[in-house]
Amino acid sequence: MTATRSDPRAASRWIADATKDWKRLSNRSAILVVADVIPAVGFAAGLGWLMGAVVPALEAPNIVSLATAVAPGAGLAVGSLLLRGLLAQCAVIASSGVANQVKSGLRKRLMPAVFSGRVSDSAAMAAVVEGVDSMEGHFTRFAPARTAAAVAPLALIAAAAFVSPFTAGILLFTLLPFIIGMALTGMAAASESRRQFQAMERLSGLFLDRIRALPAILVFQAEERQARLMAKASQELADRTSRVLRVAFLSSAILEFFSALAVALVAVYCGFNLLRILPFPAPDALTLGQAFFLLALAPEVYQPMRRLAGAYHERQAAEAAVPHLQMVEKALPPSRRTAMHLENPPAITYRNLSIAYGPGVPAVSAFDQHVEAGSIVALTGPSGSGKSSLLHVLLGLSPVSDGKILIDGNVLEQDRDLGPSIAYAGQAPMVIPGTLGDNIRLAFPEASERAVMEAAAKAGLSGNLDRPIDERGGGLSGGERRRLGLARAFLKPATILILDEPTAHLDSQSEARLLPVIKQAAAGRTTLIATHSTSVAAIADRVIALS
């Protein structure tokens with residue numbers, strides 16, 4: 001698989017545009033800024049007040065005088081700590097709300113593309129599961145931390161400047177290498193995050209494919225070889241994750257070094273200033289309380305930056321997932337499609353229609369045919385001739401690259417959804433966990449129990465409709481699964497009937513019994529059938545042979 005690359009700015013624009021409706025992010029950022037500035041200044045002021053009052057109070061003759069002197073400072077410091085804890089809890093609550101909005105909103109937006117069949121299952125799984133999950137960290141941790149890191153340090157430095165402009169200058173000067181270190185490690189983290197996401201996508205696709213092929217793997221005794229493949233893909237993901245963590249640890253080490261250096265410079269300056277032994281004329285004379293205020297405030301200046309550095313890999317992970325999310329987004333069917341409910345069987349015209357799934361030879365090229373209203377038309381031809389594509393295009397599952405489709409002489413526009421008027425039975429009917437009756441009723445949830453039983457009987461599904469069916473179709477044979485699709489088509493009261501290989505995997509006797517049922521179901525409908533069977537083609541009013 002080739003590496004997927006994205007422009008960081010373009011990725012950031014896509015993330016901002018895709019999630020522009022979630023306004024609570026600004027609330028989360030504001031809470032963090034307040035939590036970083038007000039409690040920090042309050043704690044530093046309380047500590048400075050406390051230490052400034054301790055030394056004179058020690059000379060007092062009794063403990064009451066000492067308690068009276070230090071109580072205001074101690075109360076301010078403790079109150080600031082409690083306020084910080086309260087604001088942090090509020091930020092966590094806001095974060096959980098944002099996370100739920102972001103993840104559910106993105107998945108709701110992308111799921112139509114997953115079900116459209118226009119993207120591979122592995123790509124869809126990686127994007128909708130891991131890709132969307134990566135957005136959670138970006139919006140709940142990185143985005144608020146970025147705003148707080150841009151505002152809070154400058155506000156704290158301004159507070160320090162009221163006491164000591166020289167100390168504020170030290171803090172401001174040391175921010176530069178701090179920011180440079182973050183940028184360098186961030187660029188390294190970006191490439192590693194992209195490789196990690198690609199490894200995760202490969203593992204997801206491999207796992208999904210092997211689960212589907214599990215019966216064949218067991219039959220051919222290929223368990224050990226497949227286990228080795230899974231282990232290799234898992235180890236690759238583990239290696240990529242370890243590299244991301246190494247970059248994160250390196251980033252933290254660099255930032256802690258510059259943070260400790262800045263605090264040490266402030267401590268040295270304050271100590272020498274108090275002792276009046278600075279090697280240069282002191283720009284300001286500090287008291288003990290002021291010195292402790294600056295010492296307590298200096299680490300807080302870098303706290304928002306450290307939090308941003310800790311969450312920076314969340315941004316890289318989100319941007320690495322953007323190309324995969326965009327790929328799924330491009331497969332989205334036209335939004336706000338208007339449902340078409342046809343009351344009578346329509347005439348269907350394919351006019352110079354071409355269907356292409358990508359560059360290269362199209363699946364269908366310049367197809368011109370007219371299907372009379374209420375007629376049965378069979379599409380025959382070898383595999384790959386485009387029979388299924390001509391059926392799927394009516395459902396919106398195949399892309400029209402050229403030409404038109406007309407319904408009763410009117411062009412079927414991309415914003416029109418013909419699906420509500422179509423009863424469809426495909427080659428691989430979808431199965432959901434539940435009963436056999438639940439699976440049949442998917443085609444028409446409003447159907448009565450009697451209608452479901454009649455549709456099952458017409459399709460030749462015998463037995464108890466309450467028997468359980470798992471998500472892999474366990475409990476259904478291949479022929480029964482095909483009959484399930486037919487039962488759904490029979491159940492839905494639609495004016496168009498589309499059948500894709502309706503008698504495949506059935507023996508000749510079962511097929512012969514099903515042909516009258518198909519003809520009966522097609523009565524009063526415009527019917528299109530893709531088939532290799534000459535017996536099925538024989539019941540059609542017209543046969544179109546594709547090559």
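Mentor: Axes here are lines fitted to C-alpha atoms, for helices over the stretch in contact, and angles run from 0 to 180 degrees between N-to-C directions. This is a predicted model: local features need pLDDT of at least 70 and side-chain atom pairs count only at pLDDT 80 or more, while totals for chains, interfaces and linings use all residues. Residues are numbered from 1 along each chain as its sequence is written, and side-chain values use heavy atoms, with hydrogens and water left out.

Trainee: Let's start with the overview. How many helices and strands does the protein have?

Mentor: Both are DSSP runs numbered from the N terminus, with H or I over at least four residues for a helix and E over at least two for a strand. Counted that way, the protein has 14 helices and 13 strands.

Trainee: And what share of the residues counts as buried?

Mentor: Buried is under 20% relative accessible area, exposed is over 50%, and partly exposed is in between (1.4 Å probe, protein chains only). The protein has 547 residues, and the buried share of them is 46%.

Trainee: What share of the contacts comes from residues 24 or more positions apart?

Mentor: A contact means heavy atoms within 4.5 Å. Take the contacts with a separation of 6 or more; the part due to residues 24 or more positions apart is 79%.

Trainee: On to helix packing. How are α11 and α12 oriented to each other: parallel, perpendicular or oblique?

Mentor: The axes of α11 (residues 449-459) and α12 come within 8 Å and cross at roughly 130°. Angles under 35 degrees count as roughly parallel, over 145 as roughly antiparallel, 65 to 115 as roughly perpendicular and the rest as oblique. That crossing therefore makes α11, relative to α12, oblique.

Trainee: Which α12 residues make that contact?

Mentor: On the α11 side you'll find A451, V452, A455, A456, K458 and A459. Their counterparts on α12 are R483, L486, A487, F490 and L491.

Trainee: α12 also packs on α13. Which α12 residues are used there?

Mentor: Here the axes of α12 (residues 478-491) and α13 (residues 508-522) come within 11 Å and cross at roughly 20°, so the two helices are roughly parallel. From α13 come S510, L514, V517, I518 and A521. Meeting them from α12 are R483, L486 and F490.

Trainee: Now strands. Which β11 residues point the opposite way from I496, I498 and D500?

Mentor: β11 (residues 496-500) is mostly covered, with five of its five residues buried. In a regular strand the side chains alternate between the two faces of the sheet. With I496, I498 and D500 pointing one way, the other way is taken by L497 and L499.

Trainee: Which β12 residue stands opposite L497?

Mentor: Strands pair if DSSP finds at least two bridges between them. β8 (residues 422-425) runs parallel to β11, joined by four bridges, and there I422 partners I496. β11 also pairs with β12 (residues 526-530) in the parallel sense over five bridges. In β12, the residue opposite L497 is T527.

Trainee: There's an antiparallel sheet too. What is the order of its four strands, and which are the edge strands?

Mentor: The sheet is open, and its order is β3-β2-β5-β6. Two strands pair on one side only, which puts them at the edges: β3 (364-371) and β6 (410-411).

Trainee: Which helix packs on that sheet?

Mentor: Within the sheet, β2 (residues 348-355) and β5 (residues 400-407) pair over six bridges, one of them matching I355 with V400. The helix touches β2, β3 and β5, and its direction makes about 110° with that of β2. It spans residues 387-395 and is α9.

Trainee: Any odd backbone angles? What is the phi of N352, for one?

Mentor: Most residues other than glycine have a negative phi. N352 sits in β2 and is partly exposed, at 36% relative accessible area. Although N352 is not a glycine, its phi is positive, at about 50°.

Trainee: Is E501 buried or exposed?

Mentor: E501 also has a positive phi, near 50°, and lies in the loop between β11 and α13. Its relative accessible area is 9%, which means E501 is buried.

Trainee: One more. How far apart are the C-alpha atoms of T534 and T380?

Mentor: T534 lies in α14 (residues 534-538) and is exposed, at 67% relative accessible area. T380 is 154 residues away along the chain, yet the C-alpha separation is 8.8 Å.
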